[in-house]
Structure formats: C-alpha cells, structure tokens
Amino acid sequence: MLRISELKLPLDHAPEALPAAIAARLGVAEGEILRWSVWKRAHDARKKAAILKVYIVDVELRDEAAVAARLAGDPHLRPTPDTSYRPVAKAPQGAARPVVIGAGPCGLFAGLILAEMGFCPIILDRGKAVRERTKDTWGLWRRGELDPESNVQFGEGGAGTFSDGKLYSQVKDPRFLGRKVLTEFVAAGAPTEILTEAHPHIGTFRLVTMVETMRAKIEALGGEYRFGHHVTDVEIEPGPGGARRLRGLHLKGGAFVAAEHVVLAVGHSSRDTFTMLHDRGVHIEAKPFSIGFRIEHPQSWIDRALFGPCAGHPDLGAAAYSLSHHCKNGRTVYSFCMCPGGTVVAATSEPGRVVTNGMSQYSRNERNANSGFVVGISPEDYGSDHPLAGIALQGALESAAFTAGGGGYHAPGQTVGDFLAGRASSALGSVVPSYKPGVRPTDLATLMPDYVVEAMREALPVFGRKIPRYDDPEAVLTGVETRTSSPIRITRGADFQSLNLAGLFPAGEGAGYAGGILSAAIDGIKVAEAVARAMVGEAVA
Ligand code: FAD
C-alpha cells in the first residue's frame, strides 16, 4: 500500500473528487485503484477565500510497484507504514503484580498495556471513580466547595477528564504509539473521526464514559483499581554501594502495598508526593514551565479572523489558533491549550488557591474561545536552587490569585484594555468571562513578575495583528494560569527507572516526560513496556 500526503482539494469538494484526485496524482486510471482510505485530514486556511482540505491517504493499486518506481523521489509518496501495536513481553506464570500510581492518561495506558501483557497491575488513585469525581468537581464550580482529593486534577481520568480533550501532540512517535492510544479511545466510545482528523478533540462528556469503559477492559484483563488510595510514602531498601531499591508504598490511613515495580504517573499537581519523594532522596530536577493568564474572546471573532467568509462552515467547526512571540526581553509568550467554544475552569487542587485552565464539549459551541496566554520561565527565575522551587513559585502565585479574587475561589480578572493601559479594572465589558464560581475585576499585573507583564504587553498587539481583535480592549483576562506543565523532572535512566531508586518508573506529565493527554498516554505505554522488560529480565531495546 502507498501513502500519499499533501493531497489538496477545495473545502466543498464532492466525495467522488477524492478518488479522482488520487488517480490524477498517481497518473493512473481510477480503475487501477483497488482500495483507498483517509489516514489524516486537515484544512489549510491560509487563504481565507479559498480554504483547502489537505489529505493523507493510503492507496492499494493493481500495480503498486510500477507506480512506486515511476514516482520514486516524490517526497509525498511512500510505502504505508505498519502502525499496528505489538506487546513487547508476556507475563511469566505467577509474576508479581506491578503497581501504577495514578489513573490519568499515563497511568491508564500503563495499566492497560501491563494488563494486556498479563501482568495484572494494581492501579492506585488518591481520587474517586470518575462519576463521583465529576460531582465533586462541579461542587467547586457551582458552590465554591473544594475537595482536595477529588477535583479537576485528582481522580479517575486524571487532569484531562474535564477538558477540551485535544488529542494531538508534537512528540516524535516513530512506533505509532499514538495510533494505539486513539484506537483504544475509539474502542471505548470516542468518535471514529479522531483517527483521521489532524487535530482531533473529544470534549469532556465523552471522556467520562470512555474512562469507565477502559477501566472495565483493564479489570477484565486481570487489573485492579483502588480509588481513594493516596500514596504518602515509599519503602526503600538500602543496598550495597548506595544502590537503593523500592519495596513498597505506604498509603494515607496506614495501609502498605508491597511492590517492586511501580509506575509513578501522578500528574503535575501532586505536590505533596513530590515533596515526599524529594525528602526520601529521589533524584528530582527543576525544569522550565510557563505562567500567565487565560484570555477570552467571543468565538465569532476568532472564526471571522481565521476563516473569513467561510466562518460557520460545518466542516470547519469552531476555529482554533496557536500563537507565539519572542519578546525584546528574551521571553517567549504563547497561546496554550486553546479551547474553541469552551469555558475557563477553576483548576485548583489545593485550598486557598486559584488556578485557571480551559475545557469544552465535543460541540465546542459555547459563546467564548479561551486559551492560556503564558510566558516561558526557567529555573533561574524561581529564586532558589531547590529542585522544588518552581512548585513553591506556582503556589505563591496561586495564593495571591485567591486573595485578589476576593475568596470563595473567584478568579481575579481584567479587560485587555485596562491591562495594556496599566490600570485596574473596576468592571468588565461586553465579553463575559465564563469562569465559575465568578470573576472579580482587579489589576492582574500585580500578580505576575514584571518581566512576565512586560512580555505580555508586548505580545498582545503582535497577536492582534495576527488575529484581528485578539487585543481588543474588551477581551478578558483571568488568572492565574500556572499549571501549564510540571516544574520538575523526576529523572529516569535508559531503563526508565529513577536515577537513584530502582523499581520506581517516573512517567507522564508529573515526572516531566509528557505534556497533554496523548503524550502522557504514549509515555504510559513506553514505561509499561520498560516495566515488563524489567520484570522478565530483558534489557530495554
Ligand atoms: P494526570 O492526568 O494529572 O493524572 C495523575 C493522577 O494521579 C490523578 O488521577 C491523581 O489523582 C493521581 N495521583 C496523584 N498523586 C497521587 C498519589 N500520591 N497517590 C495516588 N494517586 C495519585 N491536555 C490535552 O492534551 N488536551 C486538552 O484538551 C487538555 N485540556 C486540559 C484541561 C484541563 C482543565 C486540565 C487540568 C488539563 C488539560 N490537559 C489537556 C492536560 C492533560 O490533562 C494532562 O497533560 C494529562 O492529564 C497528564 O496525564 P498524566 O496521566 O501524566 O497525569
């Protein structure tokens, strides 16, 4: 089979135009095509009056060899790669049970892969099963009541459960592990189009059901979930020459789980766990992350700016953007986790703190578009050499935001016009912020370091030139956006184990090896494979 990329057709092309375009592109008669299918579909909206659909297609031909030879050297034609997933090991009879800490996308896929290989993993999560968790999460948004163990960050499904469910990533994926993730999601109820859309998303409601379906699959394969199981300490056996080995996990409430192979997939918000691991001498390094605010515009402004006369076309959906700008002060400002037609959500897991993030439904039909408007910072900015200094900085910013919001988990907010003019907002304008439980107008500039504010004020008009009205005075900022990625890395070696604690496999976003649902899930697969290899005594390939 051959794979053709960069096959472009007009937005409104007829279905039969695609096989005709394939035939024309290959210089064969349509009758020569035995089968074809779409691998990926995107759109090219650089020319708003003539938006194109761009396809990658797989084609089976009567005489493939002749066509491949004739078009050798064509950069957009190659043999279709094998994207199927094959397990790397099989659990021996009576194998011990590995433990996965965390039921987010990373832990979910680590658990699934281990279960598929016959290892019967135990999956521990400090939070609750997803339906109960959903009620607790809405409790914060509707009533300003936070459950520190069951919220947007903690519980079955992990941080991405109440999200836009964007399922793409920039990570290199030569083994097509992302395809395994998407295929499992489809089997669990996601729309099949996530396999072919270049920028798929599923929205929050479907994610809840999918996570439950995947749990049932893991349990049917011999895996076991234990919710409300908060890991608070690690049992370490000292060895000769300073070598140390993990022997088990202590839980809140005093229980102990013996375990020699543990996937640590706790996400970026499990700050007490990071402190505990640091206290136990596990190697942790500070790493860069980003801080800033959420910005909201009416989705209609973004649609018009990006799709021009085609705004509202059913094949295009709500327009999404991705922006970045390198500032004179050396900082980079960029858009983060853009949620078309969505809402800004309260995303704290800690009392007395305010954090923003974004989510949307599959339909993406809420009034506003939102995205993080953030500035990259690095360990030199954290004010200390301590490996957890970035976490301390996040906490300080989030506490200041809680105070500026006036309590009750209201977020501080400001219009873009007032932010650019350097004056506090006393009221907001026509763009109504979607954050619940509420927004208090204030001066957001007081909440961020000066270099962040300076960079944002430079970037806003630059982004406004790329997307008209991005810097409209009535657009709204809310804050603070601090949990963009993990401020630490729990460094692992080539065998995927902690540098100085054998048996601990740091994984996913919290350990600094992923950013987003898809990359966390892919990392979960890789780490599960490393665990399996370690358990059957094979070297990691
Ligand atoms: P997490 O998903 O954070 O999961 C960690 C799990 O570990 C949690 O369930 C937690 O309860 C558990 N845990 C933590 N500590 C312990 C402990 N000590 N003991 C037991 N259990 C523990 N990404 C995208 O790609 N697309 C999006 O559209 C998107 N939108 C988002 C919207 C919101 C509101 C948020 C908060 C995040 C969003 N993200 C999105 C980011 C994405 O959710 C994360 O990158 C991803 O969930 C990370 O996966 P993970 O498995 O590494 O960690």
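This section describes the domains, the ligand shell and selected local features of a predicted model.

The protein chain is divided into domain 1 (2–79), domain 2 (99–284 + 490–536) and domain 3 (288–481). Between the C-alpha centres of domain 2 and domain 3 the distance is 27 Å. Contacts link 25 residues of domain 2 with 22 residues of domain 3. On the domain 2 side, helix H4 (130–143), helix H6 (203–220) and helix H7 (271–279) each supply at least two of the residues that touch domain 3. By class, that side of domain 2 has eleven nonpolar, ten polar and four charged residues.

The ligand lies between domain 2 and domain 3, because both give residues to the shell around it. The shell holds 45 residues, of which Gly 104, Gly 158, Gly 160, Gly 267 and Gly 508 come nearest to the ligand. Its composition is 20 nonpolar, 20 polar and five charged residues. At least two shell residues come from each of helix H3 (105–116), strand S6 (122–125), strand S17 (356–359) and helix H12 (517–536).

Helix H3 also stands out for its burial. H3 is mostly covered, with twelve of its twelve residues buried. Among them are Pro 105, Cys 106, Phe 109, Leu 112 and Glu 116. The cover over these buried residues includes strand S5 (99–101), S6, helix H5 (177–187), H6, strand S11 (262–264) and H12. From its first C-alpha to its last, H3 reaches 16 Å, close to the 16 Å expected at 1.5 Å a residue. Gly 118 follows H3 and has a positive phi, near 95°.

A second helix, H11 (residues 450–466), has 17 residues. Its end C-alpha atoms are 25 Å apart, which agrees with the 24 Å that these residues should span at 1.5 Å each. The buried residues of H11 are Val 452, Ala 455, Met 456, Ala 459, Leu 460 and Phe 463. They pack against strand S13 (289–298), strand S14 (324–326), strand S15 (332–339), strand S18 (368–377) and helix H10 (416–421).

Strand S3 (residues 52–61) pairs with two strands. Strand S1 (residues 2–10) runs antiparallel to S3 and is joined to it by seven bridges. Strand S2 (residues 33–44) also pairs with S3 in the antiparallel sense, over ten bridges. In the S1 pairing, Arg 3 stands opposite Asp 58 of S3. In the S2 pairing, Lys 40 stands opposite Ile 56 of S3. The covered face of S3 carries Lys 53, Tyr 55, Val 57, Val 59 and Leu 61. Its uncovered face carries Leu 52, Val 54, Ile 56, Asp 58 and Glu 60. Asp 58 and Ile 56, the residues opposite Arg 3 and Lys 40, thus both belong to the uncovered face.

Strand S8 (residues 231–238) and strand S9 (residues 244–251) run antiparallel and are joined by seven bridges. Together S8 and S9 form a hairpin with five residues between them. Gly 241, in the turn, has a positive phi of about 65°. Glu 235 has Gly 248 of S9 as its bridge partner. Arg 244 is also found in S9. Arg 244 counts as partly exposed, because it has 19 C-beta neighbours inside 10 Å and burial takes 20 or more. Beyond its neighbours within four places in sequence, Arg 244 is in contact with Ile 236, Glu 237, Pro 238, Gly 239, Asn 500, Leu 501 and Ala 502. Val 282 lies 38 residues from Arg 244 in sequence, and their C-alpha atoms are 9.8 Å apart.

Several backbone features deserve a note. Two cis peptide bonds are described here: Lys 436 to Pro 437, with omega near 15°, and Gly 479 to Val 480, with omega near 5°. Pro 437 lies in the loop between H10 and strand S20 (439–441). Val 480, by contrast, lies in strand S21 (residues 476–481).

Positive phi values also occur in residues other than glycine. Cys 337, found in strand S15, has a phi of about 50°. Cys 337 counts as buried because it has 20 C-beta neighbours inside 10 Å. For Tyr 409, phi is near 65°. Tyr 409 sits in the loop between helix H9 (389–404) and strand S19 (411–415). With 25 C-beta neighbours inside 10 Å, Tyr 409 also counts as buried.

Technical notes. Residues numbered from 1 in each chain as written. Predicted model: local features only at pLDDT ≥ 70, side-chain atom pairs only at ≥ 80, totals over all residues. Near = placed C-beta within 6 Å. Helix = DSSP H or I, 4+ residues; strand = E, 2+ residues; numbered from the N terminus. Nonpolar A, V, L, I, M, F, W, Y, C, P; charged D, E, K, R; others polar. Domains from an automatic or database assignment. Pairing = 2+ DSSP bridges. Expected span 1.5 Å × (residues − 1). Contact = placed C-beta atoms within 7 Å.
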